[in-house]
Amino acid sequence: MFYREAGDFKVSYQQDSQTFPIKFDRYRYYAVMAFAFLVIPFVINDYWANAILLPFLIYAIAAIGLNILVGYCGQVSLGTGGFMAVGAYACYKLMTAFPEVSMIVHVLLSGGITAIVCVAFGLPSLRIKGFYLAVATLAAQFFLVWLFNRVPWFYNYSASGQINAPERDVFGIIVTGPNASAWATYTFCLIFLTFCALVARNLTRGTIGRTWMAIRDMDIAAEIIGVNPLKAKLTAFAVSGFFIGISGALFFAVYLGAVEVGEAFGITKSFLVLFMVIIGGLGSIFGSFAGAAFLVLLPVVLKVLGVDVLGWPTDIVAHFQLVIVGALIVFFLIVEPHGLAQLWRVAKEKLRLWPFPH
Amino acid sequence: MLDASEGYVTADGRKIGGVVMEMKNITLRFGGVVAIKEISFDIREGEIRAIIGPNGAGKSSMLNVISGFYVPQEGEVIFHGKKRPPMRPYEIAQQGIARTFQNIALFDGMSVLDNVMTGRLNYMKSNLFQQALWRGKAEAEETQNREIVEKVIDFLEIQHIRKTPVARLPYGLKKRVELARALAAEPKLLLLDEPMAGMNVEEKEDMCRFILDVNDEFGTTIALIEHDMGVVMDLSDRVVVMDYGKKIGDGTPDEVRNNQEVIDAYLGVSHD
């Protein structure tokens with residue numbers, strides 16, 4: 001009833017190409033932003049930050065990054081875990097080498113370094129596509145994890161082979177290490193997520209996004225109408241790598257604090273982020289959020305339901321969790337192969353006509 | 001034949017200019033198969049040039065040579081008086097050659113508007129960082145190009161489907177969107193590969209009208225492949241006839257129609 005374009009007239013092309021063309025969407029977005037920035041930091045506690053909000057924010061960044069590559073540019077990648085590891089180790093090296101520099105700079109630089117690595121591993125995409133490219137990026141995954149395990153320089157020759165995040169701050173507020181408070185880590189990640197989502201949205205609605213989608217939908221025709229495939233694919237790898245690197249850096253420095261590369265950034269991480277993108281919806285920024293929320297929240301909800309409500313033993317619930325998450329993924333893909341974003345789109349479509357659908 | 005430097009005046013009084021593109025002894029082979037054999041012809045500024053011939057004659061291959069998708073083994077392509085070196089297809093698009101495809105090659109996941117906007121890619125100069133922030137040049141450029149795209153959309157009468165995903169459109173409209181995408185590039189030379197294939201009479205008439213209007217209003221040079229002889233003979237100023245990769249006729253529609261070789265190979269004789 002209130003969700004429609006009627007009466008919301010566009011008088012310029014800028015207005016027509018804005019992020020949320022429908023007024024209600026725009027206000028809903030402002031409300032969500034205000035809530036996330038002005039309310040949550042004051043009520044957040046350690047449990048909420050570590051169990052739900054931090055993983056959600058960080059995985060959402062990774063999912064946006066992967067969605068640009070897979071959903072917008074059509075280049076399948078199974079190297080997400082490896083690229084997150086690049087971000088994490090780059091951040092670790094920067095944090096230990098330049099302790100007095102702000103964390104914001106470190107995280108952005110980690111993203112930049114990951115972008116370069118990602119472009120290097122994206123070069124095969126110029127010759128191969130589909131499953132073959134997936135296998136090539138899988139090689140990146142294994143190679144990078146091996147590299148960070150075997151070359152002591154990356155973990156500063158520490159005896160355990162682990163990397164530990166030292167205490168670092170942003171404008172005097174501690175965001176990493178054991179003394180960081182929940183609201184600070186949350187706000188820090190939220191700022192990066194907002195930044196990444198805005199950049200991703202701007203890129204995908206403009207020229208570069210169109211070249212990516214053209215390559216995805218029909219690469220030969222795209223080249224004939226003037227898309228340089230080299231440039232389009234490599235920018236997608238670079239932007240995707242930048243976001244994934246940021247998420248890797250945050251995942252290590254802000255969320256986990258200590259990382260063993262094979263455990264934290266193994267192949268399961270690659271698949272987890274890929275599932276988020278597929279369940280959320282390929283080629284949709286909102287889908288990246290939805291997918292990340294779904295896969296972060298679902299285990300938590302199941303655990304609360306099993307242990308706290310039904311009173312089952314923890315180990316049984318933990319096993320059930322895996323089974324149910326797996327079954328739900330299959331169910332979702334059968335019912336709605338285009339993901340949660342498509343469900344959302346259909347719901348909005350219906351709402352626009354409601355209550356007079358004919 | 002005509003003089004290479006001067007133009008001519010068509011029957012309906014349009015002035016045709018000098019040679020835009022000249023194909024010289026083009027030969028294209030796929031392994032042992034000779035798709036095109038020593039073909040030469042030219043396309044003049046402002047004219048509508050048709051390429052006709054039976055199936056498998058090498059017409060589409062010829063168009064692919066012009067748009068740079070195939071590189072001929074022998075022969076030269078001369079564009080605006082200069083020999084064209086081997087280039088990637090996107091570089092040729094940047095020189096001002098746009099085309100449509102026999103089997104529609106639109107980007108299915110995008111809206112009509114976005115599809116047509118891709119035609120403007122060669123005019124987009126803002127870099128990654130400007131676009132990431134959507135400020136200054138990136139936004140201004142988007143608006144400027146959107147204005148041009150809207151003119152094309154008006155021109156081809158597809159305003160009502162602007163925001164529709166292309167995958168949902170019927171065939172005839174898809175063909176029109178594809179023409180819009182090619183036109184948005186403001187090409188110097190427009191290549192149309194069977195623009196009327198699979199259309200009903202009404203859609204064909206619409207498409208003919210658009211092709212003539214494009215040629216008339218923008219002065220665009222057009223080369224097209226078409227099987228509907230009525231359409232070809234009505235629209236085009238000059239016609240090349242191909243058969244088995246060879247050129248068997250070249251001239252005005254009337255000349256071609258009375259060429260015995262063309263009648264034997266393709267047109268046939270009416271029996272009524």
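## Strand β10 of chain B and its surroundings

Strand β10 of chain B, which runs over residues 221–225, is mostly covered, with five of its five residues buried. The model described here is a predicted one. T221(B), A223(B) and I225(B) point one way from β10(B), while I222(B) and L224(B) point the other way, and buried residues are found on both faces because all of these positions have 20 or more other C-beta atoms within 10 Å of their own.

Two strands pair with β10(B). Strand β5 of chain B, residues 48–52, runs parallel to β10(B) and is joined to it over four bridges, whereas strand β9 of chain B, residues 189–193, pairs with β10(B), also in the parallel sense, over five bridges. A223(B) takes part in both pairings, since R49(B) has A223(B) as its bridge partner and L191(B) stands opposite A223(B). The connection from β9(B) to β10(B) passes through helix α7 of chain B, residues 201–218, and these three elements make a right-handed β-α-β unit.

A second sheet of chain B is open and has four strands in the order β4-β3-β6-β7, with antiparallel pairing. Its edges are formed by β4 (33–44) and β7 (82–83) of chain B, each of which has a single partner strand, so that one side of each is left without a neighbour in the sheet. Strand β3 of chain B, residues 19–30, and strand β6 of chain B, residues 74–79, pair in the antiparallel sense over five bridges, and K24(B) stands opposite E76(B) in β6(B).

The strand pairings described above can be set side by side.

| Strand pair | Sense | Bridges | Residue pair |
|---|---|---|---|
| β5(B) and β10(B) | parallel | four bridges | R49(B) and A223(B) |
| β9(B) and β10(B) | parallel | five bridges | L191(B) and A223(B) |
| β3(B) and β6(B) | antiparallel | five bridges | K24(B) and E76(B) |

Chain B is divided into domain 1, comprising 1–96 + 188–272, and domain 2, comprising 111–186. The centres of these two domains of chain B, taken over C-alpha atoms, are separated by 27 Å, and 10 residues of domain 1 of chain B are in contact with eight residues of domain 2 of chain B. On the side of domain 1 of chain B that touches domain 2 of chain B, the elements giving two or more residues are α2 (89–94) and α7 of chain B. Helix α7(B) supplies the largest share of that side, four residues. The residues of this side of domain 1 of chain B divide into seven nonpolar, two polar and one charged.

Between the chains, 33 residues of chain B are in contact with 25 residues of chain A. On the side of chain B that touches chain A, at least two residues each are supplied by α2, β8 (97–99), α3 (112–118), α4 (128–133) and α5 (137–155) of chain B. Helix α5(B) gives the most to that side, with six residues, and the residues of the side of chain B that touches chain A divide into 17 nonpolar, eight polar and eight charged.

In chain A, helix α12 (residues 267–280) has 14 residues, which at 1.5 Å a residue should span 20 Å, and its end C-alpha atoms are 20 Å apart, in agreement with that expectation. Among the buried residues of α12(A) are K269(A), S270(A), V273(A), L274(A) and M276(A). What covers the buried residues of α12(A) includes α3 (46–72), α4 (80–97), α6 (131–150), α13 (285–310), α14 (314–335) and α15 (339–353) of chain A. The helix α12(A) is followed by G281(A), whose phi is positive, near 130°.

Key: Residues are numbered from 1 along each chain as its sequence is written. Chains are lettered from A and ligands numbered from 1 in the order in which they are written. This is a predicted model: local features need pLDDT of at least 70, side-chain atom pairs count only at pLDDT 80 or more; totals for chains, interfaces and linings use all residues. A residue is buried if 20 or more other C-beta atoms lie within 10 Å of its own, exposed if 12 or fewer, and partly exposed in between; C-beta atoms are placed from the backbone. Two strands pair if DSSP finds at least two bridges between them. A crossover is right-handed if, with the strands pointing away from the viewer, the path from the first strand over the helix to the second runs clockwise. Domain bounds come from an automatic or database domain assignment. Two residues are in contact if their C-beta atoms, placed from the backbone, lie within 7 Å. Ala, Val, Leu, Ile, Met, Phe, Trp, Tyr, Cys and Pro count as nonpolar, Asp, Glu, Lys and Arg as charged, and the others, Gly among them, as polar. The expected span of a helix is 1.5 Å times one less than its number of residues.
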